Amino acid sequence: MYNQNVKIKFFSDLPAYSILKQYFKKTEKFENEYRADIGEMQSFELENTLKNTFSSVPKKNYLIHFKHRLKKYADWYSAEFGAESIRNNIDVIFDRIAEIGAEEFFNVPKKIYFLNAKNLILEMNRLSSDESSLLFKSAEILAWYGFSDSEMIKLKKENIKDGFILYDGKQIKLDRFSAEILEKFRDAEKYSVQVNCGRGVVYYADSPYLFRKRGRVPANSGPAIHKQNLRCCITEFSGKSDYDLGLRHTLINGVMSRAYIKEWEGDVPDIDGNEYFEQLFDVKMKKGSFENLILEYKAFKKYVRSLNSL
């Protein structure tokens, strides 16, 4: 963090605002560039810094909390160092966000909504046709069908069978393109990679799990790969795309796409309110996350309508 000792003192004086630590790590780049703590930035400096603070477009209620916390830091910094308060600058910038919308204001990775799994697979095939990408592609497909990374690493090869995912008493039917990739990954024992000027071989461990470990020599390994390793693999793969291929975004995208098809076909529950969406989405989430999913779904439908109007 820029001015680390100063910010640590702030967190010591007001520990309830320690959540700002994660944002101050991102603002450091711009504080170094402007040679100014965020607590004393000029308006244009502060606006540019805030534009690059978030990795996804924040929801309205989250922005309200963030604004409050930032103003608390501005007040503390002004009192501590006798600096001119940036409180008015913060109000002006957040008024501008409210006016033009958070989607337009924040510099975040472009999102794309895939309308079916086939489009997702076409994008992944565009990124890589190498056999080593089977692991990444399989994880993205499973996310599309509603699996979290914690559930993925529990899957065994026997759970992928005859075009279905058999898990937790459910039979989830796969589209043909998804089934082909998952079954190919399930049966893979090795793949070749570029090594200096030649080719080498990477082996999958002999394991009952779908997401098994990999190495340069054949190995027996009962456990699946670690969840963090899976996440790192996906991050590296999705970084090659212009679009957000993070597992969570893919999971939500799949949930919304299937819900949209249900509504379009008229196969919807005859109830109102949140219970309607709970059955429409067929996914369990915490209350706050579920409310955000409903907002995301409304944005998704707006996106689909915009495509139909072209």
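## Exercises on two antiparallel sheets

In strand β5 of this predicted model, the bridge partner of S192 is V201, where strands are DSSP runs of E with at least two residues, numbered from the N terminus. Residues are numbered from 1 along each chain as its sequence is written. As the model is predicted, local features need pLDDT of at least 70.

**Exercise 1.** Work out in which order the strands β4, β5 and β6 lie in their sheet, and which of them are the edge strands.

*Solution.* Begin with the sheet as a whole, which is open, consists of 3 strands in the order β4-β5-β6, and has antiparallel pairing. The edge strands, each pairing on one side only, are β4 (190–195) and β6 (214–215). Next, take β4 and β5 (residues 198–204), which pair in the antiparallel sense over 6 bridges; two strands count as paired if DSSP finds at least two bridges between them. Within this pair, Y191 stands opposite V202 in β5. Finally, turn to the hairpin of β4 and β5, which has 2 residues between the strands and in which N196 takes a positive phi near 50°.

**Exercise 2.** Describe the sheet that contains β1, β2 and β3, and find the residue that stands opposite Y167.

*Solution.* This open sheet of 3 strands follows the order β1-β2-β3, again with antiparallel pairing. Its edge strands are β1 (160–161) and β3 (170–173), each of which pairs on one side only. Strand β2 (residues 164–167) pairs with β3 in the antiparallel sense over 4 bridges, and the residue opposite Y167 is K170 in β3.

Definitions and conventions:
This is a predicted model: local features need pLDDT of at least 70, side-chain atom pairs count only at pLDDT 80 or more; totals for chains, interfaces and linings use all residues. Side-chain values use heavy atoms; hydrogens and water are left out.
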